[in-house]
Amino acid sequence: MDVRKRRTSKLKPYWGIYQDGDSLESLIRGAKPGILAQYGQAFSVTLGVIFALFSGISHSWCVYSLHENLLWFSNLEEVEREISFRTECGLYYSYYKQMLRAPSIQEGLLQLIQDNVTESKRTINILQRMNIYQEVFLSILYRLLPVQEYLEPIYFYIYTVFALQAVYVIALYITSWLLSDSWLAGALAAVWYIINRVDTTRVEFTISLRENWSLPFFALQVASITYYLRPQLKPLPQKVALWLTFLSTLWFCLTWQFNQFILLIQALVVFALDCLDFIEPRKVTLLYLVQVCSLLLVWLLQFCNTMILGSLALSFIISVLFVKHFQTKLKTGGLMVRMGKLCVHVLLVLVMTFTINYLTKKVLQLSSDEHIYKFIKAKLGLGLTRDFDAKLYLCEEAFGLLPLDTFERLTTTLVLYPYLCALAILLVVLVAISLVHLSGSGCSGAQSEGVEHRIHMRPDVAYNLLHTVLFGLLALSTMRMKYLWTGHMCMFAAYGVCGRELWGICLGALRCNTQTKLRIVRYAAPSLLLAFLYFKFWPKIKEEVSELREFYDPDTVELMTWISSKTPSTAVFAGSMQLLAGIKLCTGRALTNHPHYEDRALRERTQQVYQIYARRAPEDVHRALRAAGADYVILEDSICYERRHGRGCRLRDLLDVANGHIMDGPGENDPDLIPAPHPRFCTEIKMDNPAYSRLFTRVFRNKTFHVYKLKKGKKLSAGARVRTST
């Protein structure tokens, strides 16, 4: 067809291939438009790249400024800066500090491989147990680069994390650009991500949390997969995209212990699209192999961590590849035949997945992740549980349902409306096309000329559609996982605003669907939205960034100072997981337990140490603490007299129920619970009762903390060794 005629003709309802001019892809594919069009495309791409870099740097500067101004970080003493790394963040950062303090890189690595400080009376391999290769890599980089004279180690660390957030935004920008073929979509995605900061990131106050390291690589992986799945991509760009997918998947898996669950969801997306004929079989197999190779390489780097071999993701991918190899005639026949074969296929894959997973865990005697499955079982309401570990997760707000006020905030920034609109329309189209594919009327691979102009959804669009659906369901069920969803939501909503598909349907309904009108609407809508968001939210962002606060925690500073100066360097401390992580970072003392919960023996020890907040005999508590190797125990009033959680979710309530005791205060109790024969340990020990003072000596106290030293060598009389029923 003549080009001039085509540009004034009605658009056909085809969702598959780009048809107009500002394409990033057209340059990559080597298209040869006219000179003016070529310069216009180059200018458009250059402008888009500049704005992508600007967006990423702006977000990085924003979160850095918030972190600095909320804590007045540059004015803090070293111990205050380290205390600001709360809970598990402090534990991870301590290994970066440990590597830098080691005499050499080799000595530092040896200390991590043979660590006897993180868990007293045990020698563990930190590189095997935890995902801290980022701290190792960063410490080595700090030693090698000539930055030590003018940049403190802690700033080198936090600057790196904030720089990664720029990578995150740029990856979202590129993904939206690739889907919509307009860099305005990328700009809109980046702006939405930044102004929805409360729901898209928490990096400014949880710097070293594993997700802040891994999610930028996850976003890069999604961008690489999106590019890899684009139609009519030449072999070389395909290879480059596949390698980028592999590298980003590898770094994502290496930096977060929950990688297996995220990869499982991605594998389910690829599996669904393969069953519905949206992706070529060769590409499906290669994507599976990328995931398997990444997991196995991480398994090797983590000294053969059995938790990876026992992951559902690995079992699922192996099952899919095995069943696909033998079920060769899956995609033949009419609609009912295909549906029947598909049901059998799914059933075989699921049965084989759970069989392989069960046998793997039996052979390897793997129980590291059983607490996660107990939590999921309780979350789904599959029976009541008194399991301490499962209840510990269920009672945390972060592991509850996504709060409704999240949607209010997303509505205020106008991201939710286009997201839901695009989601609804594309899901309807996906179902319709799936039925066409299953009935044998359409094909996903090389299409004939007669079929080419039917309604068709590109595989990269279909992938991102199912991706956002599944991760949205995950976020709705568990609030902490919303950060996997909200960033992608911003990207997908921007694609909905700038993509041809939705506007083509709207203009088609109005019977004015021409190339010129479509292009005008696609550029006008995001431009108006960007202008509105700038004038409404830029003053608010400036106000947030300029708000000055100050870190203030004198009781914790006093405790850390006392431990560093008044206790032996070989002393072992027991207490809450959150506090002990800070003690290891600030003082280097050995711990009985810590927040990295992916080990069964550690979970059991933690429950025993937490008996200090239960109603147990002093002899029992003393015996449990000595068994864990503790020299000192720290009691926190905020836990002993907790009011943050309601009855049934306070730590003391969880311990009482796990011990078979009635909970404190008015309210219902299960009929089989009995009154505890002893008072609560954390309150009674402060009364200087002889039964307690002969076993524990108070050595430090302030408004928040009480530290007791365990007396050793006491011969307890048989009458004193009273055990509570459990």
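A residue counts as buried when its relative accessible area is under 20%, as exposed when it is over 50%, and as partly exposed in between (1.4 Å probe, protein chains only). The structure is a predicted model, in which local features need pLDDT of at least 70 and side-chain atom pairs count only at pLDDT 80 or more, while totals for chains, interfaces and linings use all residues. Residues are numbered from 1 along each chain as its sequence is written, and side-chain values use heavy atoms, with hydrogens and water left out.

**Exercise 1. Determine whether Asp181 and Gln232 are buried or exposed, and describe the backbone at each.**

Begin with the location of Asp181, which is found in the loop between helix 9 and helix 10 (183-195); helices here are DSSP runs of H or I with at least four residues, and strands are runs of E with at least two, numbered from the N terminus. Next, take the relative accessible area of Asp181, which is 1%, so this residue is buried. Its phi is near 65 degrees, a positive value in a residue other than glycine.

Then turn to Gln232, in the loop between helix 12 (210-228) and helix 13 (235-255). Gln232 also is not a glycine, and has a positive phi of about 60 degrees, but its relative accessible area is 52%, so Gln232 is exposed.

**Exercise 2. Explain why helix 32 is described as largely enclosed, and find what packs against it.**

The first step is to look at residues 651-658, which form helix 32: 7 of the 8 are buried, and therefore the helix is largely enclosed by the rest of the structure. The second step is to name the buried residues, among them Leu651, Arg652, Asp653 and Val657. The third step is to find their partners, using contact in the sense of heavy atoms within 4.5 Å: the buried residues of helix 32 pack against helix 20 (388-394), helix 29 (600-609) and helix 31 (637-640). Just after helix 32 comes Gly660, with a positive phi of about 85 degrees.

**Exercise 3. Describe the surroundings of Arg197 and the position of Ala432.**

Arg197 lies in helix 11 (residues 197-200), and its relative accessibility of 11% means that it counts as buried. Once neighbours within four places in sequence are left aside, Arg197 is in contact with Val63, Leu66, Glu204 and Glu544.

Ala432 belongs to helix 22 (residues 416-438) and is partly exposed, with a relative accessible area of 42%. The C-alpha atoms of Ala432 and Leu268 are separated by 20 Å, while the two residues are 164 residues apart along the chain.

**Exercise 4. Identify the nonpolar cores and relate them to the chain as a whole.**

A nonpolar core is a set of buried Ala, Val, Leu, Ile, Met, Phe, Trp, Tyr and Cys residues joined through side-chain atoms within 4.5 Å. The largest has 175 residues, and those with the most contacts inside it include Phe85, Trp192 and Ile634. Helix 9 (residues 153-180) gives the most to this core, with 16 residues. A second, separate core of 33 residues includes Phe388, Tyr610, Ile612 and Ala628.

For the whole chain, the secondary structure comes to 34 helices and 5 strands, and buried residues make up 56% of the 726 residues. The C-alpha atoms fill a box of roughly 100 × 60 × 55 Å, taken along the principal axes.
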